[in-house]
Amino acid sequence: SARLSLTPSRCSGVGLALCKRLLDEDGRIHLCIACRNEQKSEATRDLILATHPSAQVSTVEMDLGNLASVLRAARELRCRFQRLDFVYLNAGIMPNPHVNFKALWHGLLTGKLLHMLTTAEGIMTQTDRLNGDGFQEVFATNLFGHFMLVRQLQSLLCGNEKPSRLIWTSSSNARESAFSLSDYQHAKGQESYSSSKYATDLTSVVLNRKFNDQGLYSSVVCPGLVMSNMTYRILPVFLWKLLMPIMWLIRFFAKTYTLTPYNGAEAHVWLFKQKPEYLDSLVKYHSCTSGLGRCYVEPRKMDVDEDTAEKLYQKLLELEEQSLEKYHDLLD
């Protein structure tokens with residue numbers, strides 16, 4: 001029977017490349033793509049069918065930053081499918097990103113520039129805001145919407161004949177220093193993206209502890225630095241054009257400069273082919289590209305505290321309970 005892969009994303013960049021690469025690996029899979037609106041879904045479906053005309057591709061409308069939308073989509077998916085083999089949790093936002101050029105200069109003088117350029121540590125800030133549900137927008141879209149989706153799809157993910165997989169798109173920018181359990185939505189800081197990605201790592205770790213014995217396995221990937229709509233918003237376009245030759249050169253020293261969405265999806269596709277029982281739940285799988293353009297995957301141990309992961313999980317469950325009371329009419 002067909003393996004079913006659900007890919008919630010903006011379905012451009014890594015999301016679209018991933019869909020095409022999954023079909024290259026196995027043309028029999030049923031791919032269900034989740035996008036914010038019908039036009040995006042249909043446009044993405046057309047792009048996929050242009051290269052894979054015989055593929056089974058369906059769509060579902062879902063805005064990860066809107067809980068009512070997530071609950072409606074989950075209800076629709078429960079009606080349409082009996083199980084899900086893979087769920088790629090790939091949607092993400094980084095609103096109003098700003099580069100701290102002073103910090104970059106300091107990095108150059110102290111010899112930390114390459115580290116800063118590969119992790120964005122200390123050089124990237126964002127201004128966040130509350131969304132319609134009253135949550136911090138980045139936390140809601142990058143983590144909590146996904147978490148609610150997983151919880152709502154539990155009946156399709158657990159207790160199947162074969163293991164089901166969650167594959168979260170994290171980042172090398174996921175840093176413990178940007179995350180605080182007492183402010184897990186990151187209302188007070190300026191590194192909401194980094195905080196949300198660190199919270200993603202914590203959530204994946206704890207989900208494995210809770211659900212491996214029910215046949216659900218969770219993994220975390222980092223696509224590296226990919227030139228996508230999100231990246232292009234960080235600097236003016238003319239600056240990117242000037243920087244691109246330098247970035248191709250940096251790749252000889254920084255293997256996480258994957259640059260293209262195809263390369264960025266390497267770890268996602270690699271995990272598609274692995275037996276989850278043999279994977280380490282405390283490892284993040286990084287898409288890497290050599291200076292000459294060879295793609296490969298590098299596993300790196302995550303800097304996560306399992307006790308913190310458990311505490312965050314409990315906070316997410318409390319938030320889930322409050323949210324479901326508000327939207328009880330959208331439940332079965």
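**Exercise 1. A pair in a helix**

Glu76 and Arg80 meet through their side chains in a salt bridge, 2.5 Å from N to O. Work out where this pair sits along the chain, and why the two residues are about one helical turn apart.

*Solution.* Before starting, keep in mind that you're looking at a predicted model.

Step 1: Start with the general idea. Side chains of opposite charge can pair when their charged atoms come close.

Step 2: Check the cut-off. A salt bridge needs a side-chain nitrogen of Lys or Arg within 4 Å of a carboxyl oxygen of Asp or Glu, and the N to O distance for Glu76 and Arg80 is 2.5 Å.

Step 3: Find the element. Both residues belong to helix α3, residues 67-80, and because they are four residues apart there, about one helical turn separates them.

Step 4: Look at the cover. Glu76 has a relative accessible area of 35%, so Glu76 is partly exposed. Arg80 comes out at 34%, so Arg80 is partly exposed too.

**Exercise 2. Bridges between distant parts of the chain**

Which residue forms a salt bridge with Lys255, and which parts of the chain does that pair link? Then do the job again for Lys301.

*Solution.*

Step 1: The partner of Lys255 is Glu298, with the closest N and O atoms 2.9 Å apart.

Step 2: This pair ties together distant parts of the chain: Glu298 is in strand β10 (residues 295-301), while Lys255 is in the loop between α10 and α11, 43 residues away.

Step 3: Now see who else surrounds Lys255. Not counting neighbours within four places in sequence, its contacts include Ser287, Cys288, Thr289 and Tyr296. The C-alpha atoms of Lys255 and Ser287 are 8.5 Å apart, although their positions lie 32 residues apart along the chain.

Step 4: Is Lys255 exposed, partly exposed or buried? Its relative accessibility is 33%, so Lys255 goes down as partly exposed.

Step 5: On to Lys301. Its salt-bridge partner is Asp280, and their closest N and O atoms are 2.7 Å apart. This one also links distant parts of the chain: Lys301 belongs to strand β10, and Asp280 to the loop between α12 (266-272) and β9 (283-289), 21 residues apart.

Step 6: Compare the cover of the two partners. Lys301 is exposed because its relative accessibility is 57%, whereas Asp280, at 32%, is partly exposed.

Step 7: Zoom out. The structure holds 16 salt bridges, and Arg209, Lys210, Glu306 and Glu310 are joined in a network of them.

**Exercise 3. Hunting for disulfides**

How many disulfides does the whole structure hold? And are Cys32 and Cys79 buried or exposed?

*Solution.*

Step 1: Recall what you're after. A disulfide is a covalent bond between the sulfur atoms of two cysteines.

Step 2: Search the whole structure, and you find zero disulfides. Take Cys32: its nearest cysteine sulfur belongs to Cys35 and is 9.6 Å away, and the cut-off for a disulfide is 2.5 Å.

Step 3: Sort the two cysteines. Cys32 is buried because its relative accessibility is 0%. Cys79 is exposed because its value is 67%.

**Exercise 4. Inside and outside**

Which residues make the nonpolar surface patch of about 550 Å²? Next, find out where Gly15 and Asp26 are placed.

*Solution.*

Step 1: The patch is built from Leu249, Phe252, Phe253 and Leu292. Leu249 is in helix α10, residues 237-250, and its relative accessible area is 55%, so Leu249 is exposed.

Step 2: Gly15 is in helix α1, residues 14-25. Its relative accessible area is 0%, so Gly15 is buried. The C-alpha atoms of Gly15 and Pro261 are 8.0 Å apart, even with their positions 246 residues apart along the chain.

Step 3: Asp26 is in the loop between α1 and β2 (30-35). With 8% relative accessibility, Asp26 is buried. A polar atom of the Asp26 side chain lies 2.9 Å from the backbone nitrogen of Arg28.

**Exercise 5. The overall picture**

How many helices and strands are there, and what share of the residues is buried?

*Solution.*

Step 1: Count the elements: 13 helices and ten strands.

Step 2: Of the 332 residues, 56% are buried.

Step 3: Look at what faces out. The protein exposes about 15000 Å², and carbon and sulfur atoms supply 53% of that.

Step 4: Finish with the contacts. Of those with a separation of 6 or more, 74% are between residues 24 or more positions apart.

Terms used. Residues are numbered from 1 along each chain as its sequence is written. This is a predicted model: local features need pLDDT of at least 70, side-chain atom pairs count only at pLDDT 80 or more; totals for chains, interfaces and linings use all residues. Side-chain values use heavy atoms; hydrogens and water are left out. Buried means under 20% relative accessible area, exposed over 50%, partly exposed in between (1.4 Å probe, protein chains only). Patches are made of residues with over 30% relative accessible area and no salt bridge: like charges are joined within 9 Å, nonpolar side chains (Val, Leu, Ile, Met, Phe, Trp, Tyr) within 5 Å. Accessible areas come from the Shrake-Rupley method with a 1.4 Å probe; for residues, only the protein chains shown count as cover. Contact means heavy atoms within 4.5 Å. A polar contact is a pair of N or O atoms within 3.5 Å; within protein, one must be able to donate a hydrogen and the other to accept it, and residues adjacent in sequence count only if both atoms are side-chain atoms.
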